[in-house]
Amino acid sequence: MATIADPKRSQRQSGEEGFISASSLGDPTSDLEIFAKEVLTALISDNLPPTPNNFSLYFDRILEEKSESLRRQIGAILELEEGNEDEKSIELEKNLKRGFSSVKSILQLSATLYKNISLMEKILDKRKEEIKSIPSLSGASDLLASLGNDIGKLSGILKKQVVHMKTIYEETATIVKQVENDTIFDNQYGVYNKRYLITRLEQERNLIDEFKHKSSLITVRLSKDANTSQSEKAQQLMVRTVARLLLKTSRRSDVVAHYGEGIFAMVLKHTDLESAKRASERLFDLVASSNFFLAEQEIQLRIAIGVAELNASVGVEQTLVCTLNAMEAADKEPTLRYMVCNS
């Protein structure tokens, strides 16, 4: 296994087959490109594969040696890609701890309520036995008055505890809602959710505006003709199959998310429209060739795909709507594998 070497060491030519030579890289223009080339050259010189982890490590180490102005400049560029994920995780953890604390309080109150109700039952049983041995009506009246007083006191305690429990329950419900609003994952399909999709699309739009690269968006769902005749359970299984295939065909840099109502979106970073079209064709063929069995019946899956190239001058919602419309149009044309958005 290769070990991480010191990036300050003198650079040497690598004779290892399969490594790119620094001279084969294009001429960088921006400060970030120049720095990235320097990092890659150091990796090649130290005979290390330019994997994301190694590149990141060398990137950070070599950046420490640079001037303050260059570090600030590159840091400002990197901020476009970075989110406040640590802060979000901390806030989510705080909410979860508050939620657990509230649930614990509800359980403790429930236990106290149960004990008080059990106490009331014991008091009633005791009074029943006592009333059997009372010979006079006046004695029975006194006992009933005493019983009424005991029940009244206990009832007052129970009412206060119930009100307290209601308050804690409402607080817990609010915390749970906050946690739901902060989540980025769709548990039903094992992909990101719509909230995260919108955030990443906005982020990618800003990156495109800054660096002028190309990225694309595709939206996918099962063809309406493919699942209308199936039961709701069967439809869910089919949609989950599509989600699984989307994850299977996606790259590490892609974002696969559930937009809602069985519609999925995939953000293809650094992918132009022609490449997005080819990716859509591969996805369509992959889904069509996948075997989906329901009981002993084999069902042919068919999907509808909308494709759009992201544009820094076009809003995220407008791009999404256009792509969804293209997807709907593709579904109406059985001969088409996808439809390109015309914004």
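Helices (H or I, at least four residues) and strands (E, at least two) are here DSSP runs, numbered from the N terminus. By that rule Glu274 and Lys277 both belong to helix α9 (residues 273–289), where they stand 3 residues apart, about one turn of the helix. The structure is a predicted model, in which local features need pLDDT of at least 70 and side-chain atom pairs count only at pLDDT 80 or more, while totals for chains, interfaces and linings use all residues. Residues are numbered from 1 along each chain as its sequence is written, and side-chain values use heavy atoms, with hydrogens and water left out.

## Salt bridges

A salt bridge is a side-chain nitrogen of Lys or Arg within 4 Å of a carboxyl oxygen of Asp or Glu, and a search of the whole structure finds 14 of them. Three pairs are set out below.

| Pair | Closest N to O distance |
|---|---|
| Glu309 and Lys214 | 3.5 Å |
| Arg251 and Asp254 | 2.8 Å |
| Glu274 and Lys277 | 3.2 Å |

What does the salt bridge between Glu309 and Lys214 tie together? Glu309 lies in strand β8 (residues 303–309) and Lys214 in the loop between α6 and β3 (216–222), so this pair joins parts that are 95 residues apart in sequence.

The surroundings of these residues can be described by relative accessible area, for which buried means under 20%, exposed over 50%, and partly exposed in between (1.4 Å probe, protein chains only). Glu309 counts as partly exposed because its relative accessibility is 29%, and Lys214, at 47%, is likewise partly exposed. In the pair of Arg251 and Asp254, Arg251 is partly exposed at 39% relative accessibility, whereas Asp254 is buried at 10%. In helix α9, Glu274 has a relative accessibility of 43% and is therefore partly exposed, while Lys277, at 19%, counts as buried.

Salt bridges also link Arg221, Lys224, Arg302, Glu328 and Asp331 in a network. Asp331 is one of the buried residues of helix α10, the element described next.

## Helix α10 and the largest cavity

Helix α10 runs over residues 316–331, and its 16 residues reach 23 Å from the first C-alpha to the last, close to the 22 Å expected at 1.5 Å a residue (the expected span is 1.5 Å times one less than the number of residues). Its buried residues include Val316, Thr319, Leu320 and Met327.

Cavities are found on a 1 Å grid over the protein atoms alone, each being a set of points where a 1.4 Å probe fits but cannot get out, and lining residues have an atom within 4 Å of a point. Grid points are joined across faces, edges and corners, and a volume is the space filled by probe spheres set on the points. The structure holds 2 cavities of 30 Å³ or more, and about 40 Å³ of space lies in the largest cavity.

Which residues line the largest cavity? The lining is made up of Leu201, Arg205, Leu310, Asn311, Val314, Gly315, Val316 and Thr319. The elements that give two or more residues to this lining are α6 (194–211) and α10. By type, the lining divides into 4 nonpolar, 3 polar and 1 charged, where Ala, Val, Leu, Ile, Met, Phe, Trp, Tyr, Cys and Pro count as nonpolar, Asp, Glu, Lys and Arg as charged, and the others, Gly among them, as polar.

## Individual residues

Helix α6 also holds Asn206, which is partly exposed with a relative accessible area of 40%. The C-alpha atoms of Asn206 and Glu81 are separated by 8.9 Å, although the two residues are 125 residues apart along the chain.

Leu63, in helix α2 (residues 52–64), is buried with a relative accessible area of 12%. Its C-alpha atom is separated by 9.0 Å from that of Val39, which is 24 residues apart from Leu63 along the chain.

His258 lies in strand β4 (residues 255–260) and is buried at 9% relative accessibility; its side chain reaches the backbone nitrogen of Gly262 at 3.0 Å.

Two loop residues other than glycine have a positive phi. Asn47, in the loop between α1 (31–45) and α2, has a phi near 65 degrees and is partly exposed at 31% relative accessibility. His270, in the loop between β5 (263–268) and α9, has a phi near 55 degrees and counts as exposed at 54% relative accessibility.

Conventions:
1 Å grid on protein atoms, 1.4 Å probe; cavity = no way out; pocket = protein on both sides within 12 Å on 5 of 7 lines; lining within 4 Å. Polar contact = N/O pair within 3.5 Å; in protein donor to acceptor, adjacent residues only side chain to side chain.
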